[in-house]
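Here's a friendly walk through a structure you may not have met before. Have a look at it first, and then we'll go through it piece by piece.

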Amino acid sequence: MVYPIVKYGDPVLEREAENVTKFDTPDLHKLIEDMFESMYAAKGVGLAAPQIGISRKIAVIDTSVGEKAEDKIVLINPKLLHMEGKQVSEEGCLSIPGFREQVRRAKKATVRAQDVKGKVFEMTGEDLLARAFQHEIGHLMGKLYISHISALKRDLIKRKIKRLVKAGEWA
Ligand code: NI
């Protein structure tokens, strides 16, 4: 099932999500399947559960956008363990459509997370994957990428979104 993507302005995007405590349930499997489906439908490389209105610490990532099955990553209750280096590149978010900004991130990031069965694993990503780890884990903490840009640029985006809301073009 493809869920609609929650847009900026919805409080679910700006609060810390709940930890997942039950693993390997049919509900969890189905939710993860739906998250991949919703992410591919929206042509994203990552999706966090709050973006479909579910405040739980689950994120899916696929930097190949559906091209390579082995690139599918599920992060449950993830934490950033280690970050190093820096990269500056354009970043967007399915919850803030129509906007993209240069965002500075660590070049390399190691996460510790649980898989769908609750097994703990660690994974290191570089470049786009490292960016996706940082972006999606941000979502699960209630932080959007625009918190990593200048206040000036952030306010400009917020003003533009306010205008779109008024015009009924942001729902
Ligand atoms: Ni996002």
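What follows is a short tour of the sheet, the helices, the metal site and the salt bridges.

## Before we start

Keep in mind that this is a predicted model.

## The sheet

Let's begin with the strands. Five of them make up an open sheet, in the order β1-β2-β3-β6-β7, with antiparallel pairing. At the edges sit β1 (46-48) and β7, each of which pairs on one side only. Going from one strand to the next, the twist averages 35°.

Now for a couple of the pairings inside that sheet. Strand β2 (residues 58-61) and strand β3 (residues 73-84) run antiparallel and are joined by four bridges. If you want a spot to look for, find Val-60, which stands opposite Val-74 in β3. Over on β6, the pairing with β3 is again antiparallel and takes in six bridges. There, Lys-79 has Arg-112 in β6 as its bridge partner.

## The helices

Two helices can be placed against the strands. Helix α1 (residues 26-41) packs on the sheet and touches β1, β2 and β3, and its direction makes about 45° with that of β2. Helix α2 lies across β1, β2, β3, β6 and β7, and runs at about 110° to β3.

Then there's helix α3, covering residues 151-166. Its 16 residues reach 22 Å from the first C-alpha to the last, close to the 22 Å expected at 1.5 Å a residue. After α3 comes Gly-168, which has a positive phi, near 75°.

## The nickel site

Which protein atoms act as donors to the nickel ion? They are SG of Cys-93, NE2 of His-135 and NE2 of His-139, and they lie 2.0 to 2.3 Å from the ion. Along the sequence, the donor residues follow the spacing C-x41-H-x3-H. Cys-93 and His-135 link distant parts of the chain: Cys-93 is in the loop between β4 (87-91) and β5 (101-105), while His-135 is in helix α2 (residues 128-140), 42 residues apart.

Are Cys-93 and His-135 buried or exposed? Both residues are buried.

## Salt bridges

How many salt bridges does a search of the whole structure find? The count is eight. Let's look at three of them.

One of them joins Arg-100 and Glu-90, with the closest N and O atoms 3.0 Å apart. This pair also links distant parts of the chain, since Arg-100 sits in the loop between β4 and β5 and Glu-90 in strand β4, ten residues apart. Glu-90 counts as partly exposed because its relative accessibility is 41%. Another salt bridge runs between Arg-131 and Glu-91, whose closest N and O atoms are 2.4 Å apart. Arg-131 belongs to helix α2 and Glu-91 to strand β4, so this pair ties together parts that are 40 residues apart in sequence. Arg-131 has a relative accessibility of 5%, so it counts as buried. Glu-91, at 3%, counts as buried too.

The third one to find is Glu-122 with Arg-112, where the closest N and O atoms are 2.7 Å apart. Glu-122 is in strand β7 (residues 120-126) and Arg-112 is in strand β6 (residues 108-114), so the pair ties together parts that are ten residues apart in sequence. Glu-122 is partly exposed, its relative accessible area being 47%. Arg-112 is partly exposed as well, at 38%. Finally, salt bridges with shared partners join Glu-91, Arg-105 and Arg-131 into one network.

## A closer look at Leu-81

To finish, pick out Leu-81, which is in strand β3. With a relative accessible area of 40%, Leu-81 is partly exposed. Which residues does Leu-81 contact, leaving aside its neighbours within four places in sequence? They are Thr-110, Val-111, Arg-112 and Glu-122. Those last two names should be familiar: Glu-122 and Arg-112 form a salt bridge with each other.

For a sense of distance, compare Leu-81 with Lys-30, which is 51 residues away along the chain. The C-alpha atoms of Leu-81 and Lys-30 are separated by 28 Å.

Technical notes:
Residues numbered from 1 in each chain as written. Predicted model: local features only at pLDDT ≥ 70, side-chain atom pairs only at ≥ 80, totals over all residues. Heavy atoms only, no water. Expected span 1.5 Å × (residues − 1). Donors = N, O, S within 2.8 Å, 3.2 Å for Na, K, Ca; no water. Buried < 20%, exposed > 50% of the residue type's maximum accessible area, 1.4 Å probe, protein only. Salt bridge = Lys/Arg side-chain N within 4 Å of Asp/Glu carboxyl O. Pairing = 2+ DSSP bridges. Axes fitted to C-alpha atoms, helices over the stretch in contact; angles between N-to-C directions. Contact = heavy atoms within 4.5 Å.
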